[in-house]
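Colleague: I'm new to this one, so could you take me through a single side chain and what surrounds it?

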Amino acid sequence: MTLAETIPGEVFGALQNWDREARTHRPWGRHGYGCGIRECCGSPLDDRDTLEQAMHRLPRRPARELRNLVHELDRRILAKFPVQLDHYHRWWHADFPWDHD
């Protein structure tokens, strides 16, 4: 059974969105999230929160697989920012100007 078969659809969608953030030049760009209003179309922060919750609620093996995937994506995203944020718990909520260009 693959990871995609063991995680709920919402979590799989959040993982796909987080993967898209890791592949973009400018993570947190609003183009992939519709209108840009978080309450309407969501945000990367919501997707990462969903993944965080899933990593704590899934059975051990799927949680470990998801954690490995998410942490690799986190590493790729963090490498794109001019400051080090990984020492913050829930770093994706850090008070940081995400439009850093």
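What is the relative accessible area of E65, and is this residue buried, partly exposed or exposed?

Modeller: E65 is partly exposed, with a relative accessible area of 29%. On this scale, buried means under 20% relative accessible area, exposed means over 50%, and partly exposed is in between, using a 1.4 Å probe and protein chains only. Before we go on, a quick word on the model: it is predicted, so local features need pLDDT of at least 70 and side-chain atom pairs count only at pLDDT 80 or more, while totals for chains, interfaces and linings use all residues. Residues are numbered from 1 along each chain as its sequence is written, and side-chain values use heavy atoms, with hydrogens and water left out.

Now for the partner. The side chain of E65 meets that of R61 in a salt bridge, with 3.4 Å from N to O; the term needs a side-chain nitrogen of Lys or Arg within 4 Å of a carboxyl oxygen of Asp or Glu. R61 is exposed, at 57% relative accessible area. Both residues sit in helix α5, four residues apart, or about one turn of the helix. Elsewhere, R48, E52 and D74 are joined into one network by salt bridges that share partners.

In that network, E52 and R48 pair at 2.7 Å, N to O. They are separated by about one helical turn, because they are four residues apart in helix α4. Here the surroundings are buried: E52 counts as buried at 18% relative accessibility, and R48 does too, at 2%.

Helix α2 has a pair of its own. R23 and D19 form a salt bridge of 2.7 Å, N to O, and they are about one helical turn from each other because they lie four residues apart in α2. R23 is exposed at 60%, whereas D19 is partly exposed at 22%. The whole structure holds five salt bridges.

Back to α5, the helix that carries E65. α5 packs against α4 at an angle of about 150 degrees, with the axes 9 Å apart. From α4, the contact involves R48, L51, A54 and M55, and from α5, A63, L66, R67, V70, H71 and D74. The axes are lines fitted to C-alpha atoms, for helices over the stretch in contact, and the angle, on a scale from 0 to 180 degrees, is between N-to-C directions; contact itself means heavy atoms within 4.5 Å.

Some of those names come back in the largest nonpolar core. It has 20 residues, and W18, L51, L66 and V70 touch the most other members. At least two core residues come from each of α2 (9-23), α4 (44-57) and α5 (60-78). The largest share, six residues, is from α5. Such a core is a set of buried Ala, Val, Leu, Ile, Met, Phe, Trp, Tyr and Cys residues joined through side-chain atoms within 4.5 Å.

Finally, zooming out: the protein chain has five helices and zero strands, so you'll see helices (DSSP runs of H or I, at least four residues) and no strands (E, at least two), numbered from the N terminus. Buried residues are 40% of the chain's 101 residues. Among contacts with a separation of 6 or more, 53% link residues 24 or more positions apart.
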